[in-house]
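Here is a quick tour for anyone meeting this structure for the first time. Have the picture open as you read, and we will go stop by stop.

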Amino acid sequence: MKKDVCTLSGTFAGFRNRVGIATTSILLFFSSCQSGYQVVSMDGKYIPVVEASQPDTEVAHFIDVYKSQMDQEMNVVVGISTVDMYAAKPESALTNFTSDVMMTLDTRYTDGEKIDFTLMNVHGHRSPIVQGEIKLGDLYNTYPFENELVTLKLKGEQVKEVFDAYARMGGAGISSTVRLKIKNKEIVEALINGEPVQDDRIYTIVTLDYLAEGNNGMQALTKAVSAVPTGITLRDYMIEYVSRMQAAGKEVGSATDQRIVILE
């Protein structure tokens, strides 16, 4: 039986758009195709962007059609930040802000159980939130990924494994319900809501699907008793939260508070 195949050809072209931003255009076309769309080969060429480069007029026109509308939407002010918030280890204003906002997830996503703590990776933030107006585009820049919020039920012994991983990596995003003391990349003290971790207790956690899959050193999360996706991306949740605060006449902000301490 003959297999359905397609042959894909393309050009990878760099250009500077009308506002001087270097962009890469990927122009692809099927040089031959039968039903089934199974790509069996691909060829292309790379054209580097240099000062003398001329815009690809076809792609530039395509972008211009949407640019005005997109700029208008992304420049809408959705909130106000009282401080500059950056992401860093062992904790930071931005990682604390994100993790604490995740704590406000409605308990209908956790079978009515109170959330014990949240986890967020540092590099899930790709730009700071600076003091002043927060535009919609700013939040897209800070949270560019399609990471989905996930609720986990995790035994205390696996929670300890998670905290051990935090100790080895030197900290990351975690909610204010947790207090960790770390020395020589080992946990000296770990408290959840002021109490030591109990091995047999089931804890309710909110995190990202990326971490729940065991990425970024979070293999312990794959041992969860249950994992339930919410269908909500972190970015959408943060936008909704900041917008809700503005509608209530409230500003947003965060600070470090010694939730993760590295001891000498």
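## A threonine tucked inside

Let's begin with a side-chain contact: T110 reaches the backbone oxygen of E113 with its side chain, at a distance of 2.6 Å. Keep in mind that this is a predicted model.

Where does T110 sit? Look in the loop between α2 (93–102) and β6 (117–120). Is T110 buried or exposed? Its relative accessibility is 2%, and buried means under 20%, so T110 counts as buried. Leaving out residues up to four places away in sequence, T110 touches I115, T151, K153 and T204.

## The four-stranded sheet

Next stop, an open sheet. Four strands make it up, in the order β12-β11-β10-β15, and their pairing is mixed. The edges belong to β12 (195–196) and β15 (260–263); each has a single partner strand, so one side of each has no neighbour in the sheet.

Now follow the pairs. β10 and β11 are antiparallel, joined over six bridges, and here I182 stands opposite I187 in β11. Strand β11 (residues 186–192) also pairs with β12, again in the antiparallel sense, over two bridges. In that pairing, L191 stands opposite P196 in β12, while I192 has E195 as its bridge partner.

The sheet has a helix for company, too: α4 (residues 156–169) lies across β10 (178–183), β11 and β15. Helix α4 runs at about 130 degrees to β11.

## Two asparagines at the turns

What is unusual about the backbone at the hairpins? Here is the background: most residues other than glycine have a negative phi. N184, however, is not a glycine and has a positive phi of about 55 degrees. You'll find N184 in the loop between β10 and β11, in a hairpin with two residues between the strands. N184 is exposed, with a relative accessible area of 66%.

N193 does something similar in the loop between β11 and β12. Its phi is positive and near 55 degrees, again in a residue other than glycine, and its hairpin has two residues between the strands. With a relative accessible area of 40%, N193 is partly exposed.

## A glycine and a cis bond

Just past the helix that crosses the sheet there is a loop worth a look. G170 lies between α4 and β9 (173–174). Is G170 buried, exposed or in between? At 22% relative accessibility, G170 counts as partly exposed, because the cut-off for buried is under 20%. The C-alpha atoms of G170 and K183 are 9.7 Å apart, with the two residues separated by 13 places along the chain.

Not counting residues up to four places away in sequence, G170 touches K89 and P90. Those two have a feature of their own: the peptide bond joining K89 and P90 is cis, with omega at about 0 degrees. For context, most peptide bonds are trans. P90 is found in the loop between β5 (77–81) and α2.

## A helix with a kink

Our last stop is helix α1, which covers residues 57–74 and has 18 residues. From its first C-alpha to its last it reaches 24 Å, close to the 26 Å expected at 1.5 Å a residue.

Where is α1 kinked? The kink is centred on K67 and comes to about 40 degrees. As for burial, the buried residues of α1 are V59, A60 and M74.

Terms used: Residues numbered from 1 in each chain as written. Predicted model: local features only at pLDDT ≥ 70, side-chain atom pairs only at ≥ 80, totals over all residues. Heavy atoms only, no water. Expected span 1.5 Å × (residues − 1). Bend = angle between axes of the 7 residues up to and from the residue. Buried < 20%, exposed > 50% of the residue type's maximum accessible area, 1.4 Å probe, protein only. Pairing = 2+ DSSP bridges. Contact = heavy atoms within 4.5 Å. Axes fitted to C-alpha atoms, helices over the stretch in contact; angles between N-to-C directions. Polar contact = N/O pair within 3.5 Å; in protein donor to acceptor, adjacent residues only side chain to side chain.
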